[in-house]
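User: I'd like to talk through the aromatic rings in this structure. Could you show it to me?

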Amino acid sequence: MPERNTSKEIIKKYVKFFRKVGDYSIYLVNDFAIRNTSLAHEEFTNFAIHDDFPSLIPKNQIWISKKETERERDFYILNCLKRYERLKSGSSSGRAYDQSLQYEKELRAKYDELPPPRSSSPSEHPVKHESSQHPHPPNEIYKTFLKDFRGFDVYMVRQELVQDLYKIDFVDGGNPSVYHWIPEGEIWIADALAKSEIRFVLWHEYVECRLMKEKGLDYDHAHELASKQEYGLRHKTATPSAQLKKLGLTNKT
C-alpha cells in the first residue's frame with residue numbers, strides 16, 4: 001500500500017517545533033496521525049530520532065508525542081540526546097539504542113528513587129514464558145479494567161510505572177506472549193495511548209499473542225504480521241474475521 005503522505009506533508013501537518021537543545025531541534029508531533037500515514041510509520045511510538053525513521057525525521061531532530069507528560073518528555077529528550085552522542089562516537093545503531101535505554105533507566109531510578117527495572121536487558125527481545133514463574137504485577141500498575149476481549153481481560157495500565165519497573169521502552173500495549181511480567185490471559189493498554197487508538201493496538205496485541213502462542217512464531221515475525229493486521233484495521237482494508245482466517249487462526253469471540 002503506497003504512503004498516503006510524503007515526509008514534507010507529514011512535517012507540515014503534524015509536527016510543531018518545541019525547543020532547541022544544543023545542535024538538536026525538538027518537535028512535538030501528532031503520533032496518531034503519523035502512524036496512520038503508512039505501514040512503516042505505524043512503528044512510530046512515543047519518540048524517535050533520524051536513525052529510527054531516516055526517510056521521515058531529518059538529521060539532528062528529536063520527535064516526541066505531544067500527548068506525553070512533561071516528566072516523560074524530559075526522560076525521552078535525555079534518552080535521544082544520549083543516543084545521538086553514542087552514534088556520533090561510532091556506536092552501531094543497536095548499541096547506541098541499548099546505551100540510551102540504559103542511561104534512561106539509570107535516570108529514572110535516580111530521580112524517582114525506584115528499584116532497578118526487572119527486565120534483564122533494556123532491548124532484549126521478549127520471549128514466551130510460563131506466568132507461574134513470575135509474581136503478579138503490583139496493583140498500582142493497573143489503572144482500570146477496560147473489557148473482556150475474545151477471552152482476554154484488557155486493562156489500562158500506568159505506562160510510566162511499567163517503564164519504571166519493567167521495561168523502559170514499553171509503549172502503547174503488551175501481551176503475555178511478549179512480556180513475561182504480563183499475566184496469562186491479560187492484554188495491557190498504556191494509559192498514554194489516545195482513546196481513538198485503543199482498538200487498533202488491542203487488535204495488534206491480540207493477533208501477536210495468538211500467533212506466538214498457537215503458531216509458534218518468534219516475536220519479530222509475529223510483530224510484523226500483527227502490524228500489517230493493525231494497519232488493515234486502521235484503514236478498513238479487511239474485516240477482523242478475514243484477517244484471522246488469512247493467518248490460519250480461528251475466529252474466537
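Analyst: Here is a short walk through its aromatic contacts. This is a predicted model, in which local features need pLDDT of at least 70, side-chain atom pairs count only at pLDDT 80 or more, and totals for chains, interfaces and linings use all residues. Residues are numbered from 1 along each chain as its sequence is written, and side-chain values use heavy atoms, with hydrogens and water left out.

User: Why is the pair of Y24 and Y84 called stacked?

Analyst: Rings of Phe, Tyr and Trp (its six-membered ring) pair if their centres lie within 6.5 Å; planes under 30 degrees apart count as stacked, over 60 as edge-to-face and the rest as tilted. Y24 and Y84 are 4.7 Å apart centre to centre, with 20 degrees between the planes, so they count as stacked.

User: What makes Y24 buried?

Analyst: Buried means under 20% relative accessible area, exposed over 50%, partly exposed in between (1.4 Å probe, protein chains only). Y24 has 11%, so it is buried; Y84, at 6%, is buried as well.

User: And why is the pair of W203 and Y206 tilted?

Analyst: Their centres are 5.5 Å apart and their planes 35 degrees, so the angle fits neither stacked nor edge-to-face. W203 is buried at 3% relative accessible area, and Y206 is buried at 0%.

User: How do you know that K82 lies over the face of Y103?

Analyst: A charge sits over a ring if NZ of Lys or CZ of Arg is within 6 Å of the ring centre and within 35 degrees of the ring normal. K82 is 4.6 Å from the ring centre of Y103 and lies over its face.
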